[in-house]
Amino acid sequence: MRRRRASVSPVPSPAGETIVDNSGLIEARVRDLVDDLNGTSSVESQRAATFQLRLLARHGMENRVVIANCGAIGFLVDLLQSADNGVQENAVTALLNLSIYGANKTAIANTANAIEHLVHVLETGSAEAKENSAATLYSLSVHEEGNSVRIGRSGAIRLLVDLLRNGTLRGKNDAASTLFSLSNFRENKPRIVEAGAVKYLVELMNPAAGMVDKAVAILSNLSTIPEGRTAISQEGGIPGLVEVLELGSARGKENAVAALLQLCTDSNRHCNTLLRQGALPPLVALNQSGTPRAIQKAKLLLSLLASYMKMHGKK
């Protein structure tokens, strides 16, 4: 006989609204599925149950609340360690879908070993499992400094860079999104540079990759530390940034000029490289028609280049 659990109670959302399960059928179904997640169940039962929870969590905020309140999150986190690829893939995808709801995101992050187990999937899982692990880490890290620091210390960054290098297009996108979120916190920046991310980010500035804005946004964050500036220069990133300055989106131009300003401050060599790459015309254009932040950065960079040219007798 299956053990019955207490009924689901209303759960307040972050916005202050109350989400209530109005479907006893869904609750009963979820309870049965959660019973099949425990360690005494067969792999086949776990695979079927995680698949059904994955589907339920994909559709409807109410389902995500019910699944969490029925105690599924702890079981799903444990199953990230499953030797069965299907169970592991379903478990990580279910957690990704559950994390869309803010309270669930907190519950996942606070579950023992959740981040470490997600890193395990990132290292050992199928292509889809790795992608969804990266996406879950992104979900946990957004606007959450504590989670971002924990993820940075977990060994995830090296694996995210591997996914950036070898993943599918979706995998590269998921890895880049997560690396961008992590790069917003200073402690993670040296780790991202040390893991070799800059080389692949420079490559992803090629418009054919379809990831210019993400790549430039991460490079802009990394340019704020000396190691990042050195790596961007050594990997030939300046010509790509100048091209984005000329041909990129408004967001891309804004981040490109911010990165170039960081590179050229206190570096005559980078100023010279920038001039040789023909950066003046797009900088002048950006100074006239960019976003407010882009105009501010372009003005500062033009002033810096003018001082360099005057010092070295250039016209």
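**Cysteine pair, nonpolar core and the loop at Thr 111**

Cys 264 counts as buried, since its relative accessibility is 3%, and in this predicted model Cys 271 is likewise buried, with a relative accessible area of 2%. The closest cysteine sulfur to that of Cys 264 belongs to Cys 271, at 4.2 Å, which is too far for a bond. Seen from the other partner, the sulfur of Cys 271 has its closest cysteine sulfur in Cys 264, again at 4.2 Å and again too far for a bond, because a disulfide requires a pair of cysteine sulfur atoms within 2.5 Å. By this rule, the count of disulfides comes to zero.

With regard to nonpolar packing, the largest nonpolar core comprises 92 residues, and the residues with the most contacts inside this core are Leu 241, Leu 260, Leu 274, Leu 283 and Leu 301. When neighbours within four places in sequence are left aside, Leu 241 is in contact with Met 205, Val 216, Ile 232, Ala 256, Ala 259, Leu 260 and Leu 263; one of these partners, Leu 260, is itself listed among the residues with the most contacts inside the core.

A further buried position is found in a loop. Thr 111 lies between α6, which spans residues 102-110, and α7, which spans residues 114-124. The relative accessibility of Thr 111 is 18%, and Thr 111 therefore counts as buried, the cut-off for this class being under 20%. Apart from its neighbours within four places in sequence, Thr 111 is in contact with Ile 73, Gly 74 and Val 77.

How values were computed. Residues numbered from 1 in each chain as written. Predicted model: local features only at pLDDT ≥ 70, side-chain atom pairs only at ≥ 80, totals over all residues. Heavy atoms only, no water. Helix = DSSP H or I, 4+ residues; strand = E, 2+ residues; numbered from the N terminus. Buried < 20%, exposed > 50% of the residue type's maximum accessible area, 1.4 Å probe, protein only. Contact = heavy atoms within 4.5 Å. Core = buried A, V, L, I, M, F, W, Y, C linked by side-chain atoms within 4.5 Å.
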